[in-house]
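Here are two short exercises to try with the model open beside you. Have a go at each task before you read its solution.

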Amino acid sequence: MASDPLFERLWNGNAPMEEWTTAVSHGAITPVADGIITVHTTYFCGSVTAIRTGEGLVLIDTAKPDTARRTLEVIRSWDESPIHTVIFTHGHIDHTSGIAVIDAEADAKGVPRPRIIAHRNVKRRMERYVASQGFNSLVQGQQFNMSGYVYPVGQRQPDAVYDETLSLAIGGRRFELFHGRGETDDASFVWLPERRVLATGDFVIWVFPNAGNPRKVQRYAAEWAAALRQMEGLKPAILIPGHGPVVFGDERALQMLREGAEALEYLVGETLALINRGATLDEVLHGVKLPPAFLAKPYLAAKYDDPEFLVRSIYHFYAGWFDGDAAHLKPARTAEIATELAELAGGARKLAERAARLSEQGKSRLAVQLAEFAGTAAPDDPAIQAIRARVLQTAIEGDSSLMGKAFLSVYQRQAQQRAG
Ligand SMILES: [Zn+2]
């Protein structure tokens, strides 16, 4: 709420989101408007909004099994009516997999399970999760450092899907669903016109838009910006982000939408301008720099994704996988390159020592490259692996984003293990 002191500190950049996560961890209700609440349990799980209607409750998202139970208890402390409809804002499991808890409650009470409504591509996503379950398990485990993680598949599919827009009237309330592509290709935002309440799904997440994840399917930065502009046009009075606290007041809601759109439009525009002039990926990556004023906004900090990863994703969207370096069209094996370079340098040890020096001088990117060559040329040399581990550790400490740190850490842990 606008008067909440913790919210004010978050909005002004004077409190970390972890503090908010601690504050809501017992399951917190934010009263949004008459007959509308949002329930939070942690920043790291999608929030759940419950709307009272004449036919029962409508939920926007479900949380995931470890938070859904508490979320449902909190909703039940507010309203005991059956859940009539569940809208999935997109198919990510922290927004949808709590449906199992909701269904189990309906079964126990002997009432019908709720109808699920979502964009058509949510079904396709669920099919893709079956096809790539091994990889998704691995990546999710890497990104959040959970070894042995198994990506859940087989949850209940939507009962009704739509393509561009969908208007619903449920128990005297109106719901307008709009499809847009952003972090995912199956996203919806939900507009409750009577109270000018906008549930954005993950188009707004209180950090820099997550459109560049290195190990996920293509994201859609330009269309993400377009969706935010469309939301601006609705002129919401209250904004319910996919993650993090609810934002009250026209001015703040519009500011959050507008600045998110501007940051994305900047990256897309600059990247495209260079691509259109024939730039290589190397030139694009080092040529496009987001003005720091964007990243200084407490809701656009590069704490989860990294704008540089977005530039790569935008390049890939328009220009395909080839980076414009002749050596990378049909590359030699990395191990062969590493061995060749080590021999030229006078041994893998030399490469590793040079990496260590560059790392100390703050040239972390170059240091990581040489350390990886050294480590690949001499995978069983504990001393070289120890240097590699230190170089990677320095790179991790110098990185701001969760993803940057997490994926570097995979290799840092490997190097440390090999160092003995
Ligand atoms: Zn999410």
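**Exercise 1.** Work out how much area domain 1 and domain 2 bury between them, and on which atoms.

*Solution.* Start with the bounds in this predicted model: domain 1 covers 5-265 and domain 2 covers 332-419. Putting the two together buries about 690 Å², and 71% of that area is on carbon and sulfur atoms. Next, look at who touches whom on the domain 1 side: by class, the residues there are 3 nonpolar, 5 polar and 1 charged. In total, 9 residues of domain 1 make contact with 6 residues of domain 2. Now check for specific pairings. Between domain 1 and domain 2 there are 0 salt bridges, and the count of residue pairs in polar contact, with both at pLDDT 80 or more, is also 0. To finish, take the C-alpha centres of the two domains, which lie 40 Å apart.

**Exercise 2.** Find how many cavities of 30 Å³ or more the whole structure holds, then describe the largest cavity.

*Solution.* First, the search: it returns 5 cavities of 30 Å³ or more. Second, the volume: the largest cavity holds about 90 Å³ of space. Third, the lining: select F203, V204, I205, W206, V207 and P209, then add W224, L228, M256, G260, Y299 and L300, and you have the residues that line the largest cavity.

Notes. Residues are numbered from 1 along each chain as its sequence is written. This is a predicted model: local features need pLDDT of at least 70, side-chain atom pairs count only at pLDDT 80 or more; totals for chains, interfaces and linings use all residues. Side-chain values use heavy atoms; hydrogens and water are left out. Domain bounds come from an automatic or database domain assignment. Contact means heavy atoms within 4.5 Å. Buried area is the accessible area (1.4 Å probe) that two parts lose on being put together, summed over both. A salt bridge is a side-chain nitrogen of Lys or Arg within 4 Å of a carboxyl oxygen of Asp or Glu. A polar contact is a pair of N or O atoms within 3.5 Å; within protein, one must be able to donate a hydrogen and the other to accept it, and residues adjacent in sequence count only if both atoms are side-chain atoms. Ala, Val, Leu, Ile, Met, Phe, Trp, Tyr, Cys and Pro count as nonpolar, Asp, Glu, Lys and Arg as charged, and the others, Gly among them, as polar. On a 1 Å grid over the protein atoms alone, a cavity is a set of points where a 1.4 Å probe fits but cannot get out, and a pocket is an open set with protein on both sides within 12 Å along at least five of seven lines; lining residues have an atom within 4 Å of a point. Grid points are joined across faces, edges and corners, and a volume is the space filled by probe spheres set on the points.
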